[in-house]
Each structure stands twice: as structure tokens, then as C-alpha cells.
Amino acid sequence: MTKANIFNIQKFSVHDGPGIRTTFFFKGCPLSCLWCHNPESQNYNKQVLFDKDKCVSCLSCQEACPENAISVKNNIVTTDEQLCKHCGLCEIYCIPGARQVVGKEYTIEEIMKEALKDRVFYNKSGGGVTVSGGEPLTQIDFVEDFLKRLKAENIHTAVDTSGAVNFDSLQRISEYTDLFLYDIKLMDDEKHKRYIGASNKLILSNLEKLSEIHDGINIRMPIIEGINADENHIKKTIEFIKKLNIKKVNLLPYHDIAMHKYKKLGISYEKEKMSKPSDEKIQQFKNMFIDEGYEVKIGG
Ligand code: SF4
Ligand code: SF4
């Protein structure tokens, strides 16, 4: 039976589509955005997050580990990812909360049970379920089944996608998706490759094709000073989406709230390259879209 690898289930979410929603975050992503808010989503496998600052070197985790995956190197508690089976025991035994296993497998029945628990909130608020990530469509078979079952229960569905997948995946779920939240991050392909790790050609061409078969697409644009907070990027985006069947845009100003996660994963965060755009600039970009007839929201 296919299982999904989910790294977070966010209840009462109000930033991932209309009303109150439950958002399921799927693990795995083909992109590696410099500012990614969910760096723990990028790897397709489960991972152990370790907060060095919380660790008191009690070594309870080492004692608990059935795989002998934990050792001390240079006075730092270290996990051998090759030996680790992600059983979660060390997390339970770590009293200061320095360890966290990210990623959990769910069957379709288990995930549906989670989704249906909040039906009363969806009904009262006009909300529903959002699948996000990572890139949820990298687990397309499971996501398709999930969306199909949600629609059979008459629940509103939204899919937050980078668009960096085969078009076939978008096509397969379009019938069961009420709303696509589709990211445009950079119109300049060279910058896209540099800051996101892949070309934007597939993403933009998929958006063109999707807008021909689906009329519920909102564009989501992270705005990051130092990367894409310039008029030219906004102009080019407007020029591109004007040809398409799109009416709503979300502008998402950068923040560095996820920085601590990079530390826990032991990967570098290039903070010096990015900063929050000014409120004036965001307002200017918002007005540029409004002038072209778009409904614009700042934030999710
Ligand atoms: S159990 Fe937690 S606090 Fe103790 S050594 Fe392991 S990681 Fe550090
Ligand atoms: S998750 Fe399990 S196998 Fe991995 S380090 Fe912790 S106790 Fe060991």
C-alpha cells in the first residue's frame, strides 16, 4: 500500500486558501530555494533535526538508540544518517527537546481520518484541506487519491505547488483541485537557476497549460530584497500572467523566521544575501498588479 511521507500537519491554517484549513505538508522537493521556509521538506527521506544549543550532553539518546547511530564527535552529539532508522526513540528520551525526527508515514485512511476531524471548521468558515510541501506532487499517486477522496466528501481542496513537476501530474489532479496556489519566484531564468537550483522554463510552461484547463489559480510570489524585489521582475510577471486565466495574486514579503531550522539541519543559511523589502516597495508592487486589474493580497 502506498504511504505518504508527511512532515507537518497544520491545523486551523488561515494562510493556505480560503477559510479555516488543515494543511498537509508533504516531504520532498525538486527545488532548493535559498530562502526556503521549510528546508526540512527538501529531502525526500525522514531526517533527524538536532538543536545543539538545547543539548545537555546527557547521552540518553545514545543509550536509547537501537541502531548505535549516535556518537559524540568533537564534543558534539552526532547522528549517523546511514545507520539511523528514524524510529523516533531518541526524540522521546531527549528531555530537553534537542532532537526531532522529521517525516512520518501515513496511509490514505490515516490521513483522511486527520482531514475529516476538522470538517466542522471547514463547513463553518468556507475552508477545507490544502496539500503543500515541499512539492506535494512528487508524491502524486498518493496526492491524487487523497484529493479524490476529499472531493467525494465534498471538502474544498487547494494544492500549493512550485509547478516543477511533469505537467501530467497537474493534469491528473486538476479535476479534484478547487484551487491551485502556484508559485512564481523569479522570471529571470539565470537567477532562477542560481537561487532556486533549476530553470523556470518547465514551471512557466506548466502554468500556461494549467490555466487552459483550470480557472482557479492564485499566484503566490515571495518578495525578497536582494533576490527579486525589483520592478522589472514584477513587470515581467504581469506581462506573463496577463495572457493567462489568472485573477488573484498573493505577495509574500520575506522573513527569516525559518533560520533556526537550517542550524538544526546543519546546513548554511545565506542570510546576508536576503532581507525584508520595505512596506513602501510591497505597496508599490501591489499597486502595479491592482492597476492591471488583479485582486492582490499581501501575505498568504
Ligand atoms: S538526549 Fe538530548 S540532551 Fe541528551 S545528549 Fe541526546 S540530544 Fe543531547
Ligand atoms: S531515530 Fe531511532 S535509529 Fe535514529 S538516531 Fe534516533 S533512536 Fe537511533
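**Figure 1. Residues nearest the centre of the largest pocket in the predicted model.** The largest pocket is lined by 42 residues, and those nearest its centre are Phe25, His37, Asn38, Asp160 and Arg220. The structure shown here and in the following views is a predicted model. The volume of the largest pocket is about 1,200 Å³. Sorted by class, its lining comprises 18 polar, 16 nonpolar and eight charged residues.

**Figure 2. Secondary structure elements and domains that line the largest pocket.** The strands β1 (4–13), β6 (99–102), β9 (156–161), β11 (217–223) and β12 (248–253), together with helix α10 (259–265), each supply at least two residues of the lining of the largest pocket. The most is given by β1, with four residues. At least three lining residues are drawn from each of domain 1 (4–43 + 104–298) and domain 2 (47–102).

**Figure 3. The second largest pocket and its lining.** About 430 Å³ of space lies in the second largest pocket. Its lining is made up of 22 residues, with Phe50, Lys263, Lys264, Leu265 and Gly266 nearest the centre. The elements β3 (47–50), β5 (76–79) and α10 each supply at least two residues of this lining. The class composition is eight nonpolar, seven polar and seven charged residues. As for the domains, the lining of the second largest pocket draws at least three residues from each of domain 1 (4–43 + 104–298) and domain 2 (47–102). Helix α10 thus appears in this view, where it supplies at least two residues, and also in the view of the largest pocket, where it again supplies at least two.

**Figure 4. The shell around ligand 1.** Ligand 1 is surrounded by 13 residues, the closest being Cys55, Cys58, Leu59, Cys61 and Cys94. The shell consists of ten nonpolar, two polar and one charged residues. Among the closest residues, Cys55 counts as partly exposed because its relative accessibility is 24%, which falls between the 20% limit for buried and the 50% limit for exposed residues. A disulfide is a covalent bond between the sulfur atoms of two cysteines. The structure holds zero disulfides.

**Figure 5. The shell around ligand 2.** A set of 14 residues surrounds ligand 2, and the closest of them are Cys65, Cys84, Lys85, Cys87 and Cys90. At least two residues of this shell come from each of α2 (89–93) and β6. By class, eight residues of the shell are nonpolar, three are polar and three are charged. Cys65 has a relative accessibility of 14% and therefore counts as buried, since the limit is under 20%. Strand β6 supplies at least two residues to the shell around ligand 2 and at least two to the lining of the largest pocket.

**Figure 6. Ile241 in helix α9 and Lys286 in helix α11.** Ile241 is found in helix α9 (residues 231–241). With a relative accessible area of 0%, Ile241 is buried, because this value is under 20%. Ile241 and Ser211 are 30 residues apart along the chain, and their C-alpha atoms are separated by 9.6 Å. Lys286 is found in helix α11 (residues 279–291). Its relative accessible area of 21% makes Lys286 partly exposed, because the value is not under the 20% that marks a buried residue. Between Lys286 and Leu251, 35 residues apart in sequence, the C-alpha to C-alpha distance is 7.5 Å.

**Figure 7. Backbone geometry in three loops.** Most residues other than glycine have a negative phi, and most peptide bonds are trans. Gly133 and Gly134 are joined by a cis peptide bond with an omega of about 10 degrees. Gly134 lies in the loop between β8 (128–132) and α5 (140–152). Asn68 is not a glycine, yet has a positive phi of about 50 degrees. The place of Asn68 is the loop between α1 (60–64) and β4 (70–73). Asn68 is exposed because its relative accessible area, 63%, is over 50%. Asn74, likewise not a glycine, also has a positive phi of about 50 degrees. Asn74 is found in the loop between β4 and β5. At 74% relative accessibility, Asn74 counts as exposed.

Notes. Residues numbered from 1 in each chain as written. Chains lettered and ligands numbered in written order. Predicted model: local features only at pLDDT ≥ 70, side-chain atom pairs only at ≥ 80, totals over all residues. Heavy atoms only, no water. Near = heavy atom within 4 Å. Nonpolar A, V, L, I, M, F, W, Y, C, P; charged D, E, K, R; others polar. 1 Å grid on protein atoms, 1.4 Å probe; cavity = no way out; pocket = protein on both sides within 12 Å on 5 of 7 lines; lining within 4 Å. Points joined across faces, edges and corners; volume = space filled by probe spheres on them. Domains from an automatic or database assignment. Disulfide = S-S within 2.5 Å. Buried < 20%, exposed > 50% of the residue type's maximum accessible area, 1.4 Å probe, protein only.
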